[in-house]
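Student: I would like to go through the labels used for this model and ask what justifies each one.
Tutor: Good. Bring up the structure.

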Amino acid sequence: MWLPYALLSAFFAALTAIFAKIGIKGVDSDLATAIRTVVILLLAWGIAIARGATAGLPALTQRTWLFLVLSGLATGASWLCYFRALKLGPVSRVAPVDKLSVALALILAVAFLGESLSLRGALGAGLILAGTVVLAWS
């Protein structure tokens, strides 16, 4: 059941790059990221409230809060860097480098989460790396 959501995520991420590149013209990249973040904040909280997910807030542990905050900081840093890169470079080169995060996530999942990486998974990560190099420096 995760695959349709992952495919939708990829589709929306692609739209993000296109819309951002168009919208960032003549705008400071940090300001553009701030505007985008407010939209996401309102959308995410709206969905959480509408679905009743906020009832789970009191049950969150300090560990959960810590790692969700760290994830938010990493996301913010990623978005700031991504928008700056889009401001300075073409989507056709920025987006592939950004998607290198897939291969990096595989490596980090093995190193820090103890997940296993099959030969096919390692090959896929290597192909992502190779594709990134080809697309970014073409």
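Student: What makes arginine 84 and aspartate 30 a salt bridge?
Tutor: This is a predicted model, and in it the closest N and O atoms of arginine 84 and aspartate 30 are 3.1 Å apart. The cut-off is 4 Å, so the pair counts as a salt bridge.

Student: Which parts of the chain does the pair link?
Tutor: Distant ones: arginine 84 lies in helix 3 and aspartate 30 in helix 2, 54 residues apart.

Student: Why is arginine 84 called partly exposed?
Tutor: Its relative accessible area is 37%. Partly exposed lies between under 20% for buried and over 50% for exposed, so the label fits. Aspartate 30, at 36%, is partly exposed as well.

Student: Why is helix 2 called oblique to helix 3?
Tutor: The two helices pack at about 130 degrees, with axes 9 Å apart. Roughly perpendicular ends at 115 and roughly antiparallel starts over 145, so the angle counts as oblique. The crossing is right-handed.

Student: Which residues of helix 2 make the contact with helix 3?
Tutor: Ser29, Asp30, Ala32, Thr33, Arg36, Thr37 and Ile40. On the helix 3 side, the residues include Trp79, Phe83 and Arg84. By class, the contact has 6 nonpolar, 3 polar and 4 charged residues.

Student: How many salt bridges does the structure hold?
Tutor: It holds 2. Lysine 99 and aspartate 98 also meet in one, at 3.1 Å from N to O.

Student: Why does aspartate 98 count as partly exposed?
Tutor: Its relative accessibility is 23%. Buried means under 20%, so aspartate 98 is partly exposed. Lysine 99, at 37%, is also partly exposed.

Definitions and conventions. Residues are numbered from 1 along each chain as its sequence is written. This is a predicted model: local features need pLDDT of at least 70, side-chain atom pairs count only at pLDDT 80 or more; totals for chains, interfaces and linings use all residues. Side-chain values use heavy atoms; hydrogens and water are left out. Axes are lines fitted to C-alpha atoms, for helices over the stretch in contact, and angles run from 0 to 180 degrees between N-to-C directions. Helices (H or I, at least four residues) and strands (E, at least two) are DSSP runs, numbered from the N terminus. A crossing is left-handed if the near helix is turned anticlockwise from the far one by less than a right angle, and right-handed if clockwise. Contact means heavy atoms within 4.5 Å. Ala, Val, Leu, Ile, Met, Phe, Trp, Tyr, Cys and Pro count as nonpolar, Asp, Glu, Lys and Arg as charged, and the others, Gly among them, as polar. A salt bridge is a side-chain nitrogen of Lys or Arg within 4 Å of a carboxyl oxygen of Asp or Glu. Buried means under 20% relative accessible area, exposed over 50%, partly exposed in between (1.4 Å probe, protein chains only).
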